[in-house]
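Dear colleague,

I am passing on a structure that you have not worked with before, and below it you will find an account of what turned up when I went through it. Please read the notes with the structure open beside you.

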Amino acid sequence: MEIRDNSSTSRASALRRTEPSTAPSTTASGLGAGRPLDPVLLSGVPETELTPRIRQAMMALLAEIDQLRHDLSDARGRIDFLERLADEDPLIPVANRRAFLREVTRMIGFGQRYGTPASIVYIDVNHLKAINDSYGHAAGDAALLQVARTLLEQVRNIDVVARLGGDEFGVLLVQADRHHAETKATQLAEAIQQRPLSWQGRNLPLDIAYGVHCFAGNDNAGDALEAADQAMYARKRERATAPSGTP
């Protein structure tokens, strides 16, 4: 599951009503060559039983049914739009915590049924407060956006990227064991380090800490996320004491 664009244009398009297509006129035997097929006749009422008043009522009813079809289509579009909003982070075009936990729960169920592992990479953006303090919150928001875009570019379409809150992100790696997840997490950290944020003529370095938790169906979503979070903090502590440091 990916949410790559939350622009006002894409949101407006979700509300745009689909215009009915113009179908060519249809003819039927007994109505005269080239004469359009009467919708009242299609309703099954014999033409001999139609008075002008009945015909008018039938036409009004059919027009109302057609309008209801359009209204239903519009309502479905609005529901789809609102569901996307409910699952999307308000700042960054990725999933939010609610949607992420739902997808983790779904993968836990998948693992219970098929024994297939999946993994969570819990990510913390280092030194974001320093960016906010030195260059303003707009720079901090831009840093978060760049991290999110880099994550999205580096994972598969079946994986899920979410902002879990503040400067923390989660990546759900579908059908990924611990070895695959650790390798991918290292690649993500390197990709983010290699793309400093260009801000007002300066290149601001970006850096993350991460933790990995692999599950196959024995966790619940909250516990799996907490385990990945704890792994991230453990790695942060190790990095703080290491001379060279590792992500």
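**What was found**

I begin with one residue, N132, which is found in helix α5, the helix that covers residues 128-135. Please keep in mind throughout that this is a predicted model. Is N132 buried or exposed? With a relative accessible area of 16%, N132 is buried, because the limit for that class is under 20%. Once its neighbours within four places in sequence are left aside, N132 is in contact with H137 and G140.

To place that residue in the whole, it helps to step back to the protein chain, which has eight helices and six strands. Read along the sequence, these elements follow the pattern α-α-α-α-β-α-α-β-β-α-β-β-β-α. The protein chain has 247 residues, of which 37% count as buried, and its accessible surface comes to about 14200 Å², with 52% of that belonging to carbon and sulfur atoms. If one takes the contacts between residues at least 6 apart in sequence, 68% of them join residues at least 24 apart.

Two pairs of helices deserve a closer look, and I take them in turn.

The first pair is helix α4 (residues 97-114) and helix α8 (residues 221-241), which pack with their axes 9 Å apart and at an angle of about 110°. That angle makes α4 roughly perpendicular to α8, because the class runs from 65 to 115 degrees. Which residues meet here? From α4 come R97, F100, L101, V104, T105 and I108, and they meet A221, G222, A224 and L225 in α8. By type, the residues of this contact between α4 and α8 divide into seven nonpolar, two polar and one charged.

The second pair is helix α6 (residues 137-154) and helix α7 (residues 178-193), whose axes come within 10 Å and cross at roughly 135°. In this case α6 is oblique to α7, and the crossing of the two helices is right-handed. On the α6 side the contact is formed by V147, T150, L151 and Q154, which meet K184, L188, A191 and I192 in α7. The residues of the contact of α6 with α7 divide into five nonpolar, two polar and one charged.

There are also two backbone details that you may wish to look at in the loops. Most residues other than glycine have a negative phi. Against that background, H127 has a positive phi of about 65° although it is not a glycine; H127 has its place in the loop between β1 (118-125) and α5, and at 59% relative accessibility it counts as exposed. Q175, which is not a glycine either, has a positive phi of about 50°, and its place is in the loop between β3 (168-173) and α7.

Lastly, I would point you to G165, which is found in strand β2 (residues 160-165) and which, at 30% relative accessibility, counts as partly exposed. How far is the C-alpha atom of G165 from that of D89? The two residues are 76 residues apart along the chain, and their C-alpha atoms are separated by 8.9 Å.

With best regards

Technical notes:
Residues are numbered from 1 along each chain as its sequence is written. This is a predicted model: local features need pLDDT of at least 70, side-chain atom pairs count only at pLDDT 80 or more; totals for chains, interfaces and linings use all residues. Side-chain values use heavy atoms; hydrogens and water are left out. Axes are lines fitted to C-alpha atoms, for helices over the stretch in contact, and angles run from 0 to 180 degrees between N-to-C directions. Helices (H or I, at least four residues) and strands (E, at least two) are DSSP runs, numbered from the N terminus. Angles under 35 degrees count as roughly parallel, over 145 as roughly antiparallel, 65 to 115 as roughly perpendicular and the rest as oblique. A crossing is left-handed if the near helix is turned anticlockwise from the far one by less than a right angle, and right-handed if clockwise. Contact means heavy atoms within 4.5 Å. Ala, Val, Leu, Ile, Met, Phe, Trp, Tyr, Cys and Pro count as nonpolar, Asp, Glu, Lys and Arg as charged, and the others, Gly among them, as polar. Buried means under 20% relative accessible area, exposed over 50%, partly exposed in between (1.4 Å probe, protein chains only). Accessible areas come from the Shrake-Rupley method with a 1.4 Å probe; for residues, only the protein chains shown count as cover.
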